[in-house]
Each structure stands twice: as C-alpha cells, then as structure tokens.
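Subject: Structure for your review

Dear colleague,

Please find the structure below, together with its sequence. My findings follow it, arranged by topic.

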Amino acid sequence: MEPVVRWTGHEAGLLRQALRKNVKDFATQVGVSPRQITTWERRGSTISLQPDNQSSLDTVLARADLPAQQRFAKSLTEKAAAGTDERAEQLLRRDLRTTRHGNDGKLMVQVDEGIYLAGPQGTPEWLDAFLIDQFPTTNADYARFVTATGHRPPQHWPGGKCLVSLRDHPVVWVTWHDATAYAAWSGKALPSAKQWEKAARGPKGRSYPWGNEPTAAKCNVAEAGIGTTTPVNRYQSGVSPYGVVDLCGNTWEWCSTEAEPGRFELKGSAYTSPFERAAPFLHNAANATMKDNDTGFRCVTALPDSR
C-alpha cells in the first residue's frame with residue numbers, strides 16, 4: 001500500500017508549519033541544513049526527497065504531539081481537496097436535497113431509488129429511495145437522547161456528561177443495541193449494509209466516496225497518526241456523490257444487517273484502522289454487545305409520503 005505522506009518539499013513545509021518551527025529549528029530536528037529546508041519549500045511539489053530525508057520526516061511526524069499531527073493532517077486534507085477534488089468542492093457548493101429530521105434535528109440527505117453497482121465486482125443491486133444522516137451521530141446528538149430517555153451514557157463521558165470538546169465528534173463506546181435504541185427514539189433505523197454502501201459509493205460504484213483514487217488524506221485513518229476521533233464535518237473533501245460526509249475513517253458504523261446470529265455488519269473503518277480497510281464494499285462484523293473507542297453509527301429513514 002502507498003504511504004499516506006509522499007514527502008515532497010511541499011509536505012515538508014506543511015509539517016514545519018504544523019510544528020510551528022522556524023527554518024533553523026526545523027532543520028536541526030530533521031538533521032539537514034537550513035538552506036536545504038529553504039530549497040525544499042521553494043521547490044515545493046516539484047522535488048521528491050531522498051529516502052533518508054523521508055525517513056527523518058517520518059520520525060519527526062511520529063514524535064510530534066497530537067495538536068501538531070492534527071494540524072498537519074488538516075493541511076494534507078485541504079491540499080487534497082484544493083488540488084485534486086474539484087468534483088467534491090462543486091458538490092459541497094450546490095443545493096443538496098437535505099431535510100432536517102423532526103425528531104433528532106439532524107440533516108439528512110436523499111439517496112435516490114434505482115440500481116447501484118455493489119461489491120468488489122460491481123454487481124447491480126436495486127434499492128428504494130431513502131434518507132441518510134449527512135453526518136454520523138455525534139456526542140451532542142447522543143446527549144439529547146440520553147437526557148430524554150435516561151439511557152446509559154457512553155463510558156468516555158466523565159461523570160456521564162459529554163465533554164464540550166467532543167460535542168461535534170462521533171459518539172463511540174456504543175453497542176449495536178445502544179445504536180438501535182437511539183434510532184428507535186429518533187424515529188429512524190440503522191442503515192442496511194447495502195444502503196450504507198450505496199450512500200458511500202453512489203450509483204456507479206466508486207471505490208471510495210470521493211472517487212477511485214486511494215487518497216488517505218481525505219479521511220481519518222491510522223496512517224494520519226491522529227490517534228483519536230475528529231469532528232464529523234472535518235473531512236469535507238471526502239464527501240460522497242450524494243453529499244454524505246465522514247463515511248470512511250473516523251469510526252466504524254453499525255448497520256442493521258445481521259452477518260450471522262448476534263453479529264452485525266460494520267462499515268467505513270476508523271482512525272484505528274489502516275486505509276486499506278476503508279473501501280466501502282468491504283465486510284466487517286461484530287457481536288451486538290461489542291463497544292469500543294472507534295465504533296459509532298448514523299441513521300436512515302424512508303422518504304416522507306408525499307401523497
């Protein structure tokens with residue numbers, strides 16, 4: 001698999017800025033001269049760095065603190081969006097067919113009825129139209145559910161209270177039963193594995209929500225080195241053809257599809273998973289009682305009756 005960071009002079013410059021180092025201090029950390037750093041940044045993406053320099057930069061990134069790693073990952077994401085994803089930017093600017101659900105207030109996006117190309121072989125499958133949450137269920141969403149129902153809070157909330165800093169992160173430490181309870185409270189359901197896949201890949205069966213290029217900078221996966229969840233609206237360049245966000249990486253998402261008795265499908269991979277697990281057609285499953293720091297969900301519902 002290709003590495004996430006292909007170190008050119010441009011990426012080296014982004015790392016220096018993320019570390020908030022001047023040229024001299026950054027050069028010392030990488031083990032080169034300040035003049036070499038200046039040359040790298042001047043030449044940008046036109047220069048590919050030597051293996052020993054690549055290794056040094058890998059080490060510097062791995063040893064950086066979490067805020068610096070997050071700043072660097074954000075810069076890579078912005079670069080990917082600006083440089084290679086005009087389609088995503090156009091999609092995000094257009095008037096999406098969104099509706100705000102009356103119960104939990106979440107924005108939902110319409111996925112049209114019809115055939116889509118499913119699985120690794122692009123097998124035609126028919127699905128009726130449905131609405132799917134544009135973003136995963138956040139800690140703030142789940143807090144409203146806990147307050148309204150008295151359902152047990154997830155274990156990462158100190159004293160059972162959601163941290164302000166995590167309000168726009170996907171909720172985690174939820175079992176399939178927890179996710180199903182939220183869905184029932186909100187008047188929705190967990191998506192089937194097929195619904196989730198169509199929302200992610202579109203009717204033409206893209207390899208990833210954003211297209212066919214394996215661009216790990218468009219999602220929060222293990223190679224980014226962030227090591228925790230990120231806000232659900234951060235990776236806008238990874239938007240699907242329908243305008244659904246954060247389908248790959250960040251957290252695995254529970255589906256309603258039972259893989260075998262007591263075990264249900266999970267989709268999308270997580271910040272703990274290698275990028276190769278992010279392909280939306282891949283299968284994963286877990287026991288309904290499983291909960292972890294990298295597993296969440298989003299919901300679906302049928303289209304409102306227009307008669």
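How are H7 and H8 oriented to each other? The model is a predicted one, and in it the axes of these two helices come within 11 Å and cross at roughly 80°. An angle of 65 to 115 degrees counts as roughly perpendicular, and H7 and H8 are therefore roughly perpendicular to each other. On the H7 side, the residues that meet H8 are Asp141, Tyr142, Arg144, Phe145, Ala148 and Thr149. Their partners in H8 are Asp178, Ala181, Tyr182 and Trp185. Sorted by class, this contact has six nonpolar, one polar and three charged residues.

Another helix pair may be described in the same terms. Helix H2 (residues 23-30) packs against helix H4 (residues 51-63) at an angle of about 105°, with the axes 9 Å apart. That angle makes H2 roughly perpendicular to H4. Phe26, Gln29 and Val30 of H2 meet Ser56, Leu57 and Val60 of H4. The contact of H2 with H4 has four nonpolar, two polar and no charged residues.

I turn next to the nonpolar cores. The largest of them has 22 residues. Those with the most contacts inside this core are Tyr142, Trp157, Trp176, Tyr182, Leu190, Trp254 and Phe297. The elements that give two or more residues to the core are helix H7 (139-149), H8, strand E6 (252-260) and strand E7 (263-267). Tyr142 and Tyr182 also appear in the contact between H7 and H8. Leaving aside neighbours within four places in sequence, Leu190 is in contact with Trp176, Ala179, Thr180, Ala183, Trp254, Cys255, Ser256, Phe297, Arg298 and Val300. A second, separate core of 20 residues includes Leu15, Phe26, Ala68 and Phe72; Phe26 is also one of the H2 residues that meet H4.

Several single residues in loops also deserve a note. Ser192 lies in the loop between helix H8 (176-185) and helix H9 (193-201). With a relative accessible area of 19%, Ser192 is buried, because the cut-off for that class is under 20%. Beyond its neighbours within four places in sequence, Ser192 is in contact with Cys255, Ser256 and Thr257. Cys255 and Ser256 are also among the contacts of Leu190.

Two residues have a positive phi although neither is a glycine: Trp173, at about 55°, and Asn250, at about 70°. Trp173 is placed in the loop between H7 and H8, whereas Asn250 is found in the loop between H9 and E6. Trp173 is partly exposed, with a relative accessible area of 22%. Asn250, by contrast, is buried, at 0%.

Finally, a word on the cysteines. The structure holds zero disulfides. Cys248 is in no disulfide, and the nearest cysteine sulfur, that of Cys219, is 5.7 Å away. For a disulfide, the two sulfur atoms would have to be within 2.5 Å. Cys248 has a relative accessibility of 4% and therefore counts as buried.

With kind regards

Conventions:
Residues numbered from 1 in each chain as written. Predicted model: local features only at pLDDT ≥ 70, side-chain atom pairs only at ≥ 80, totals over all residues. Heavy atoms only, no water. Helix = DSSP H or I, 4+ residues; strand = E, 2+ residues; numbered from the N terminus. Buried < 20%, exposed > 50% of the residue type's maximum accessible area, 1.4 Å probe, protein only. Contact = heavy atoms within 4.5 Å. Axes fitted to C-alpha atoms, helices over the stretch in contact; angles between N-to-C directions. Parallel < 35°, antiparallel > 145°, perpendicular 65-115°, else oblique. Nonpolar A, V, L, I, M, F, W, Y, C, P; charged D, E, K, R; others polar. Core = buried A, V, L, I, M, F, W, Y, C linked by side-chain atoms within 4.5 Å.
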